[in-house]
Every structure is written in structure tokens, then in C-alpha cells.
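Welcome, and please open the structure in your viewer. We will go from one selection to the next, with a short note on what you should find at each stop.

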Amino acid sequence: MDPLRCVGIRQAVLSGDGSTVLLEMSMANGKIFPLELNAPGVELMSRALMACAQALGGARPTERALAETQAAEAVVVPVDELALYRPDDASAQLLARVGCIDLALALPNAAAADALAQALRAPRSLSA
């Protein structure tokens with residue numbers, strides 16, 4: 001069986017009772033593939049998409065330093081809540097609640113955790 005190749009999202013519609021989302025994905029063959037997800041399904045798909053992004057991380061030949069990336073080039077995630085979790089001095093995770101799922105971003109080192117903690121305490125100092 002040939003896999004379907006998604007080339008876009010036609011629309012995402014919240015159900016009347018707010019318990020599911022219907023994604024209408026545009027396929028390369030011109031057809032629309034409907035996919036209905038509830039909150040656990042959204043979490044599962046989020047995990048799968050992040051695993052895919054991690055796996056494809058080295059596949060971008062024109063990748064440049066993150067500091068050179070413009071916000072418009074990034075995936076904007078509207079965050080409802082943020083927290084910094086530091087189980088020890090060497091590691092940290094940024095926890096973010098986005099609607100029905102929680103994300104944990106493992107920070108690369110203690111220096112990044114310290115910089116993030118400082119930025120979270122004084123966010124206005126980051127504006128340019």
C-alpha cells in the first residue's frame with residue numbers, strides 16, 4: 001500500500017460539544033482525508049509529530065543557527081501556562097501547557113536553564 005502524502009491542512013473544526021477536532025488534510029492525490037481526534041488523540045499525535053521532527057532534524061540542508069531564525073519562520077505555539085522544573089543543578093525542563101496537552105522541553109544544559117529562569121523572572125528585559 002502506498003502511503004498518503006499530506007500537502008496541507010484544509011481546515012480544523014472543533015465539534016459542537018468541544019470534545020473532538022476534525023482535521024481535513026489535503027493529500028497529494030487531490031483527495032481530502034478527514035481525521036477526528038479527541039484530547040488523548042491530540043496528545044498521541046503531538047508525541048508522534050515531535051518524534052518525527054526530532055528524526056528529521058538533520059534533514060534540513062539550509063539549517064542555520066536558531067538565533068538567526070525569524071519568529072515568522074517558526075511554529076508559533078500559544079502557551080496557556082509555563083513552569084521551569086529543575087530536579088537538580090545539571091538539568092531542567094521547560095513545562096508548557098497548550099490547551100489539552102502538556103509539553104516538556106528538555107533544556108540542553110544548566111546554562112540554558114539559568115538563562116531561561118532569569119528570563120522567566122524578568123520577561124520585559126527580553127523585548128527589543
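## First stop: a pair on one helix

Select R47, which counts as exposed, with a relative accessibility of 56%. Bear in mind as you look around that this is a predicted model. Now add E43 to the selection: this residue is partly exposed, at 33% relative accessibility. The two side chains form a salt bridge, and the closest N and O atoms of R47 and E43 are 2.8 Å apart. Show the backbone too, and you will see that both residues belong to helix α1, where they sit 4 residues apart, about one turn of the helix.

## Second stop: between strands

How many salt bridges are there by the rule used here? The count comes to 5, and the next one to pick out joins R97 and E81, whose side chains meet at 3.4 Å, N to O. R97 is in strand β5 and E81 is in strand β4 (residues 81-85), so this pair ties together parts that are 16 residues apart in sequence. Colour by accessibility if you like: R97 is partly exposed, with a relative accessible area of 35%, and E81 is also partly exposed, with 47%.

Keep both selected and add D102. E81, R97 and D102 are linked in a network of salt bridges.

## Third stop: a buried glutamate

Move on to E24, which you will find in strand β2. Is E24 buried or exposed? With a relative accessible area of 14%, E24 is buried. The salt-bridge partner of E24 is R10, and the closest N and O atoms of the two are 3.6 Å apart. This pair links distant parts of the chain, since R10 is in strand β1 (residues 6-14) and E24 in strand β2, 14 residues apart. R10 differs from its partner in accessibility: R10 counts as exposed, at 54%, whereas E24 counts as buried, at 14%.

To see the surroundings, show the contacts of E24. Setting aside neighbours within four places in sequence, E24 is in contact with G8, I9, R10, Q11, I32 and F33.

## Fourth stop: the largest pocket

Switch on a surface or a pocket display. The largest pocket holds about 1,600 Å³ of space. Its lining is made of 36 residues, and the ones closest to the pocket centre are M50, V75, V76, V77 and L103. Select these five to centre your view on the pocket.

Which elements supply at least two residues each to this lining? They are β2 (20-27), α1 (39-55), β5 (93-98) and β6 (101-106). Helix α1, already visited for its salt bridge between R47 and E43, gives the most to the lining of the largest pocket, with 8 residues. Colour the lining by residue class, and you should find 25 nonpolar, 4 polar and 7 charged residues.

## Fifth stop: the second largest pocket

Next, select L94, A104, L105, A106, L107, P108, A112 and L116, the residues that line the second largest pocket. Two elements give two or more residues to this lining: β6 and α2 (110-121). The largest share comes from β6, with 3 residues. The volume of the second largest pocket is about 210 Å³. What happens when you colour this lining by residue class? The split is 8 nonpolar, no polar and no charged.

## Last stop: the cysteines

Finish by showing the cysteine sulfurs. As a reminder, a disulfide is a covalent bond between the sulfur atoms of two cysteines. How many disulfides does the rule give here? The count is 0. Centre on C52, which is in no disulfide: the nearest cysteine sulfur belongs to C6 and is 12 Å away, while the cut-off for a disulfide is 2.5 Å. C52 is partly exposed, at 44% relative accessibility.

Then go to C100, which is likewise in no disulfide; for C100 the nearest cysteine sulfur is that of C52, 18 Å away. With a relative accessible area of 48%, C100 is partly exposed.

Methods
Residues numbered from 1 in each chain as written. Predicted model: local features only at pLDDT ≥ 70, side-chain atom pairs only at ≥ 80, totals over all residues. Heavy atoms only, no water. 1 Å grid on protein atoms, 1.4 Å probe; cavity = no way out; pocket = protein on both sides within 12 Å on 5 of 7 lines; lining within 4 Å. Points joined across faces, edges and corners; volume = space filled by probe spheres on them. Nonpolar A, V, L, I, M, F, W, Y, C, P; charged D, E, K, R; others polar. Buried < 20%, exposed > 50% of the residue type's maximum accessible area, 1.4 Å probe, protein only. Salt bridge = Lys/Arg side-chain N within 4 Å of Asp/Glu carboxyl O. Contact = heavy atoms within 4.5 Å.
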